[in-house]
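Subject: Structure handover

Hello,

Here is the structure for you to open. Please keep it on screen while you read my notes below.

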Amino acid sequence: MQNYYLLGSPIRHSLSPAMMNLSFSELGIDAEYGLMETDIDLLPSAVQKLKENGASGWNLTMPVKSAMCSLCDELSPSALIGQVVNTVVNRHGKLFGYTTDGAGFRRAACDAGFSVPCRKMVLLGTGGAASSILIESALSGSGEISVFCNRPSSRTKIEAVAKRLSDYSKTKIKTFFYSEPHALENEIRESSLLVNATNIGMAGRPEDSGTDCLIPDIRCLSAQPDVFDAIYNPRKTPLLNLAEKAGCRTANGLMMLLFQGAEAFRLWTDEEMPTPLVRKKIFPDS
Ligand code: NAP
């Protein structure tokens, strides 16, 4: 039997075991996907143990996605540019690192009828999800991407990603702070796609008021860009509520979650995940 795992912390509520195990069983693949609670300090020893036990591959989530990079023998171009790994394939003891969040985003956006690559995207956020979305959108040939940053150190980090990307892509990438007067409004007005890849609007943030949204006013959405929110809990964030009221087409992050898993499944098995079945059984409200 082949063994696959999810590493990170906390992970007990993850839907990945249900998605992967249903897919293995549907395709008759003799494999099992389990959870391995792991923090950054414990990651090297956990990886050593997985190698010794001959695990075929694993996914990584917060907080161990970046720390996995230096433990891989080879990185895909996206993982190298973003310095983040969420999927490892163990090929005869050599570890190959990939990031599938960006491809998951692109498939989810296309599933919603949005166009990626796009003419111009406004991207809110500079963290792991945002950099994966930035990289995939640029590598697939988007024209222009305006990234909004919260803190100066985050701007420096995403600009380093953009610099590495410039060796592979001609996409024009600009960065802004939310505090720059009218910048958000002006950039959204010219864009065809607005993507939220921050935590703002996510359920369970201690400081959340339940109405948190980085778009200050419905008039910012008057040009009606398509609006994608990487958050899937809640299904309808304050941003998506506002966008619906403005008449925009909207999509949440649920299908990004499904398709990033489907990309990992394909890397491990060379088979397509049966996504219609997984969607029906694991995401019945999608
Ligand atoms: P992360 O690396 O921690 O990034 C969080 C981002 O939010 C950072 O850019 C951070 O900026 C920004 N942020 C936090 N507080 C802010 C504030 N008050 N104002 C403006 N920006 C703020 O997290 P992540 O892994 O990228 O995840 C981000 C979101 O995407 C989460 O809600 C997660 O659930 C979702 N996600 C979804 C999928 C999917 O498959 N659908 C996959 C991955 C992530 P600073 O660091 O500068 O504060």
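Strand 3 (57–60) and strand 5 (87–91) are joined by three bridges and pair in the antiparallel sense. Strands count as paired if DSSP finds at least two bridges between them. Helices (H or I, at least four residues) and strands (E, at least two) are DSSP runs, numbered from the N terminus. This is a predicted model, where local features need pLDDT of at least 70, side-chain atom pairs count only at pLDDT 80 or more, and totals for chains, interfaces and linings use all residues. Residues are numbered from 1 along each chain as its sequence is written, and side-chain values use heavy atoms, with hydrogens and water left out.

Look at W58 next. Its bridge partner in strand 5 is V88. Y5 stands opposite W58 too. Strand 1 and strand 3 run parallel, joined by four bridges.

Which way do the strand 3 residues point? W58 and L60 point one way, G57 and N59 the other, and all are buried. Buried means under 20% relative accessible area (1.4 Å probe, protein chains only).

Now the whole sheet. It is open, with six strands in the order 2-1-3-5-6-4 and mixed pairing. Strand 2 (31–37) and strand 4 (74–75) are the edges, each pairing on one side only. Strand 4 runs parallel to strand 6 (94–98), with two bridges between them. There, E74 stands opposite F96.

Helix 9 (254–269) packs on the sheet and touches strands 1, 2, 3, 5 and 6. Contact means heavy atoms within 4.5 Å. The direction of helix 9 makes about 5 degrees with that of strand 5. Axes are lines fitted to C-alpha atoms, for helices over the stretch in contact, and angles run from 0 to 180 degrees between N-to-C directions.

Best wishes

Technical notes
Buried means under 20% relative accessible area, exposed over 50%, partly exposed in between (1.4 Å probe, protein chains only).
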